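Have your viewer ready, with the selection tool at hand. We will go from stop to stop, and at each one you will hear what to select and what is there.

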Amino acid sequence: NTEVRILTEDKIKEKILEQIKSAEEGDRIDLGMFYLAHREIIRELIRAAERGAETRIVLDPNKDAFGFEKNGIPNRQAAAELIKKSDGKIQVRWYLTHGEQFHTKVIAVYKKDQVVIIGGSANYTRRNLDNYNLESDLMVALKAGDPVAVEFEQYFDRIWENRDGIYTGD
């Protein structure tokens, strides 16, 4: 009852968009991302929220990179757009970094009977998803309640709710 696929380049984008586009009321999208800037993905996240899919996003603040200070591009702009255009339906939290990076690149889409998790090396940018970089992700489709799905959900809830530590902030 488990499907695992290796995805590369624009096939990563295709599967991410397929999952987001299929999310509706009663479903949930959890996204943890280092760089979020791909226009199609941002647009479809807003549409999913409009359809009633609960959407939670944890982003890196993009303020540190290998010892250098950065200005928050692209995540601050993406977060502002997602919150504004979804009328606050999309919830965003910032991973509280201290010189390191929240380098995670993963999305999970929870439906009544299935959970699909896609994660790997690809940031959600044009360069990473439109065949300019060689990227690879795994897509894992599981039955709801599968131990792997439950473990990922517990991980995301832990950093979202700051259980056993302080991980994220408003």
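In which loop does His103 lie? Select His103 and follow the chain to either side: the loop runs between strand E6 (90-95) and strand E7 (105-110). Keep in mind along the way that this is a predicted model. His103 is partly exposed, with a relative accessible area of 44%. Now add Ser121, which is 18 residues away along the chain; the C-alpha atoms of His103 and Ser121 are 9.2 Å apart.

**Aromatic rings**

Next, show the side chains of Tyr95 and Phe102. Their ring centres are 4.6 Å apart and their planes make an angle of 5°, so this pair is stacked. Tyr95 and Phe102 are both buried.

For another stacked pair, move to Phe156 and Trp160, where the centres are 6.2 Å apart and the planes differ by 20°. You will find both residues in helix H5 (residues 147-161), four residues apart, or about one turn of the helix. Phe156 and Trp160 are buried too. Widen the selection to include Phe152 and Tyr155, and you have one aromatic cluster made of Phe152, Tyr155, Phe156 and Trp160.

**Two packed helices**

Now select helix H2 (residues 39-50) together with helix H3 (residues 75-85). The two pack at an angle of about 30°, with 9 Å between their axes. Because angles under 35 degrees count as roughly parallel, H2 is described as roughly parallel to H3. The crossing of H2 past H3 is right-handed.

Which residues meet here? From H2, show Arg39, Ile42, Leu45, Ile46 and Glu50; from H3, show Ala78, Glu81, Leu82 and Lys85. Colour them by type and the contact divides into five nonpolar and four charged residues, with no polar ones.

**Backbone details**

Our last stops concern the backbone. Most residues other than glycine have a negative phi, and most peptide bonds are trans. Select Ile73 and Pro74: the peptide bond joining them is cis, with omega of about 5°. Pro74 sits in the loop between strand E5 (68-69) and H3.

Then go to Asp87, in the loop between H3 and E6. Its phi is near 55°, a positive value in a residue other than glycine. Is Asp87 buried or exposed? Asp87 is exposed, with a relative accessible area of 68%.

Finish at Asp164, in the loop between H5 and strand E10 (168-169). Here phi is near 65°, again positive in a residue other than glycine. Asp164 counts as exposed, at 70% relative accessibility.

Methods
Residues are numbered from 1 along each chain as its sequence is written. This is a predicted model: local features need pLDDT of at least 70, side-chain atom pairs count only at pLDDT 80 or more; totals for chains, interfaces and linings use all residues. Side-chain values use heavy atoms; hydrogens and water are left out. Axes are lines fitted to C-alpha atoms, for helices over the stretch in contact, and angles run from 0 to 180 degrees between N-to-C directions. Angles under 35 degrees count as roughly parallel, over 145 as roughly antiparallel, 65 to 115 as roughly perpendicular and the rest as oblique. A crossing is left-handed if the near helix is turned anticlockwise from the far one by less than a right angle, and right-handed if clockwise. Contact means heavy atoms within 4.5 Å. Ala, Val, Leu, Ile, Met, Phe, Trp, Tyr, Cys and Pro count as nonpolar, Asp, Glu, Lys and Arg as charged, and the others, Gly among them, as polar. Rings of Phe, Tyr and Trp (its six-membered ring) pair if their centres lie within 6.5 Å; planes under 30 degrees apart count as stacked, over 60 as edge-to-face and the rest as tilted. Buried means under 20% relative accessible area, exposed over 50%, partly exposed in between (1.4 Å probe, protein chains only).
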